Structure formats: C-alpha cells, structure tokens
Amino acid sequence: MLRRITFLLIAAVFCAPLLTTGCAEHRRVYYDSYTHQQYPYAEENPRYQQWENDTHRHHEDYNKRNKDDQKSYWDWRHKNDKDHDQNHDHDQNPH
C-alpha cells in the first residue's frame, strides 16, 4: 500500500506542471474596453504591430501603453477593419 501511495505522489509531482500550465499564447487576449470585446493575442498582435508601424510608434506592450494610446489603437483598428471590409466587398462584387 505504501508503494502505491509513493508512486501516486511521485506521478502527481511530475504531472502537476503539465496540468497547471498551458500555452500563454492561447490565454492572452487584447481587451477592447470601448466595445467590451476580447481578441485573441495570436490574431490581434499583427494588427497591433501594424498600428505601431503606421503611427510611427516604438514597440511597447499594449498593456503598458497609456489609455490615450490604447484608445487610439482601437479607433485605428475599427476604422481599418471597416476599410478592409469595404475593399474586400468591392473586390468580391465589382460593379
């Protein structure tokens, strides 16, 4: 019986890190506090980097930016999504 308990404890010690950690990439999100939507990091990060490039900003983690910069990003993001959607619709349905 003692052997079985020892084995289970050793197994638990080795398995615990695997069960308690996950890919941080999948858990991280960008949160748009203006529209109350969450965007997966893996999908949103390229857009965020494009905003930094387009607006000539140095790279900085989104969460470390001040509220004005965060709002500027979301304004840019939603404007560019609309522009992208309009251009995409036009390409699909030429007049």
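**Exercise 1. Salt bridges**

The structure has nine salt bridges. The model is a predicted one. Task: find which salt-bridge partners Asp-69 has, and describe how buried each residue is.

Solution.
Step 1. Look at Asp-69 and Arg-57. Their side chains form a salt bridge, with N to O at 3.3 Å. Asp-69 belongs to helix α4, while Arg-57 sits in the loop between α3 and α4, so the bridge ties together parts 12 residues apart in sequence.
Step 2. Look at Arg-65. Its side chain also meets Asp-69 in a salt bridge, again at 3.3 Å, N to O.
Step 3. Check burial. The cut-off for buried is under 20% relative accessible area. Asp-69 has 19%, so Asp-69 is buried. Arg-65 is buried too, at 5%. Arg-57 has 26% and counts as partly exposed.

**Exercise 2. A bridge inside one helix**

Task: say where Arg-77 and Asp-81 lie, then place Arg-77 relative to the ring of Tyr-39.

Solution.
Step 1. Both Arg-77 and Asp-81 are in helix α4. They are four residues apart, about one turn of the helix.
Step 2. Their side chains meet in a salt bridge, with N to O at 1.8 Å.
Step 3. Compare accessibility. Arg-77 is buried, with 3% relative accessible area. Asp-81, at 26%, is partly exposed.
Step 4. Elsewhere, shared partners join salt bridges into one network of Glu-52, Arg-57, Glu-60, Arg-65 and Asp-69.
Step 5. Return to Arg-77. It lies over the face of Tyr-39, 4.8 Å from the ring centre. Another charge over a ring is Lys-71, which lies over the face of Tyr-34 at 5.2 Å from the ring centre.

**Exercise 3. Aromatic rings**

Task: classify the pair of Tyr-48 and Tyr-62 as stacked, tilted or edge-to-face.

Solution.
Step 1. Start with the total. The structure holds 12 aromatic pairs.
Step 2. Take the ring geometry. The centres of Tyr-48 and Tyr-62 are 5.9 Å apart and the planes stand at 85°, so this pair is edge-to-face. The angle cut-off for that class is over 60 degrees.
Step 3. Place the two residues. Tyr-48 is in helix α3 and Tyr-62 is in the loop between α3 and α4, so the pair links distant parts of the chain, 14 residues apart.
Step 4. Check burial. Tyr-48 is buried at 1% relative accessibility. Tyr-62 is buried at 7%.
Step 5. Widen the view. Tyr-48 and Tyr-62 belong to one aromatic cluster, whose members include Tyr-39, Trp-51 and Trp-74.

**Exercise 4. The faces of helix α3**

Task: decide where the buried residues of α3 lie around its axis.

Solution.
Step 1. Get the length. α3 has 14 residues and spans 19 Å from first C-alpha to last, close to the expected 20 Å.
Step 2. List the buried residues. They are Tyr-41, Glu-44, Asn-45, Tyr-48, Trp-51 and Glu-52.
Step 3. Look down the axis. The buried residues of α3 fall within an arc of 120°, so they line one face of the helix.
Step 4. Turn to the other side. There Glu-43 and Asn-53 are exposed.
Step 5. Leave the helix. His-56 follows α3 and has a positive phi, near 55°.

**Exercise 5. A hairpin**

Task: state in which sense β1 and β2 pair, and over how many bridges.

Solution.
Step 1. Strand β1 covers residues 29-32 and strand β2 covers residues 37-40. They pair in the antiparallel sense, over four bridges.
Step 2. Pick one position. Val-29 stands opposite Pro-40 in β2.
Step 3. Inspect the turn. Four residues lie between the strands of this hairpin, and His-36 takes a positive phi near 60°.

Note on methods
Residues numbered from 1 in each chain as written. Predicted model: local features only at pLDDT ≥ 70, side-chain atom pairs only at ≥ 80, totals over all residues. Heavy atoms only, no water. Phe/Tyr/Trp six-rings, centres within 6.5 Å; stacked < 30°, edge-to-face > 60°. Helix = DSSP H or I, 4+ residues; strand = E, 2+ residues; numbered from the N terminus. Buried < 20%, exposed > 50% of the residue type's maximum accessible area, 1.4 Å probe, protein only. Lys NZ or Arg CZ within 6 Å of the ring centre and 35° of its normal. Pairing = 2+ DSSP bridges. Expected span 1.5 Å × (residues − 1). Arc of directions from axis to C-beta. Salt bridge = Lys/Arg side-chain N within 4 Å of Asp/Glu carboxyl O.
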